[in-house]
Amino acid sequence: MTLSPDVLAALKHIIEQSSVMDCDDERWPEPDRNGRQELEIHLGNVHASFLTNKIISIGDVESGPHSGGLTSFYYAVRDLKMMILTLVSIHFKIKAT
């Protein structure tokens with residue numbers, strides 16, 4: 001997949017605004033039999049890798065004692081996922097003339 005500089009800038013903006021790069025997943029719930037979520041980000045010279053159990057809803061995040069950075073992670077993943085799904089949807093709806 002090739003992304004334009006504007007799309008990359010929008011993805012970078014989502015990551016920066018979410019403050020997910022400031023998070024630490026050390027105390028987040030470990031992946032279990034229900035699944036896992038992973039996010040790896042390379043932003044300039046900074047590399048971050050996050051791992052936790054599968055988050056179904058914001059209620060899963062807010063109910064735990066580890067909700068601080070996990071909330072940022074949840075919203076960052078949600079926003080990135082929505083942007084990517086929207087781009088894919090637009091791609092397949094546009095017809096060459």
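Asp-79 is partly exposed, with a relative accessible area of 32%, and its side chain meets that of Arg-78 in a salt bridge, 3.1 Å from N to O. Arg-78 also counts as partly exposed, at 41% relative accessibility. Keep in mind while looking at this pair that the model is predicted. The structure holds two salt bridges, and the other one joins the side chains of Arg-36 and Glu-38, again with 3.1 Å from N to O. Here Arg-36 is partly exposed at 46%, while Glu-38 is exposed, with a relative accessible area of 56%. Glu-38 counts as exposed because its 56% is over the 50% cut-off.

Let's step back to the whole chain. There are three helices and two strands, and from the N terminus on they run α-β-β-α-α. In residue numbers, helix H1 covers 5-18, strand E1 covers 36-43, strand E2 covers 46-53, helix H2 covers 58-62 and helix H3 covers 67-93. Taken along the principal axes, the C-alpha atoms fill a box of roughly 55 × 30 × 20 Å. The accessible surface comes to about 7200 Å², and carbon and sulfur atoms own 53% of that. Of the 97 residues in the chain, 28% are buried. If you take contacts between residues at least 6 apart in sequence, 45% of them join residues at least 24 apart.

How far can you trust the picture? The chain averages a pLDDT of 86, and 91% of the residues score at least 70. Among the elements, H1 has the highest mean pLDDT, at 93, and H2 the lowest, at 77. As a rule, where pLDDT is low, the predicted coordinates should not be read in detail.

Now for the inside. The largest nonpolar core has 19 residues, and the members that touch the most others are Val-20, Trp-28, Ile-41, Phe-50, Ile-55, Leu-70 and Phe-73. H1, E1, E2 and H3 each supply at least two residues of this core, with H3 giving the most, six residues.

Two of those well-connected members are worth following. Leaving aside neighbours within four places in sequence, Val-20 is in contact with Ile-15, Ile-41, Phe-50, Ser-72, Phe-73 and Ala-76. Ile-41, in turn, sits in strand E1 and is buried, with a relative accessible area of just 4%. Ile-41 counts as buried because that 4% is under the 20% cut-off. With the same kind of neighbours left aside, Ile-41 is in contact with Ile-15, Val-20, Met-21, Val-46, His-47, Ala-48 and Phe-50. Its partner Met-21 is 20 residues away in sequence, yet the two C-alpha atoms are 8.2 Å apart in space.

Moving on to strand E2, look at Thr-52, which lies in that strand. Is Thr-52 buried or exposed? At 0% relative accessibility, Thr-52 counts as buried. Its side chain has polar company all the same: a polar atom of the Thr-52 side chain lies 3.0 Å from the backbone oxygen of Pro-29, and the side chain makes a polar contact with that of Asn-53 at 3.2 Å. Beyond its neighbours within four places in sequence, Thr-52 is in contact with Trp-28, Pro-29, Pro-31, Arg-36, Gln-37, Leu-70 and Phe-73. Some of these names have come up before: Trp-28, Leu-70 and Phe-73 are among the core members that touch the most others, and Arg-36 is the salt-bridge partner of Glu-38.

Finally, the loop between H1 and E1 deserves a look. Ser-19 has its place there and is partly exposed, with a relative accessible area of 35%. What is the phi of Ser-19 near? It is near 60 degrees, a positive value in a residue other than glycine. For background, most residues other than glycine have a negative phi. Further along this loop is Asn-34, an exposed residue with a relative accessible area of 54%. The C-alpha atoms of Asn-34 and Cys-23 are separated by 23 Å, with their positions eleven residues apart along the chain counted as the distance apart.

Key
Residues numbered from 1 in each chain as written. Predicted model: local features only at pLDDT ≥ 70, side-chain atom pairs only at ≥ 80, totals over all residues. Heavy atoms only, no water. Salt bridge = Lys/Arg side-chain N within 4 Å of Asp/Glu carboxyl O. Buried < 20%, exposed > 50% of the residue type's maximum accessible area, 1.4 Å probe, protein only. pLDDT = per-residue confidence, 0-100. Helix = DSSP H or I, 4+ residues; strand = E, 2+ residues; numbered from the N terminus. Polar contact = N/O pair within 3.5 Å; in protein donor to acceptor, adjacent residues only side chain to side chain. Contact = heavy atoms within 4.5 Å. Areas by Shrake-Rupley, 256 points an atom, 1.4 Å probe, with all protein chains shown as cover. Core = buried A, V, L, I, M, F, W, Y, C linked by side-chain atoms within 4.5 Å.
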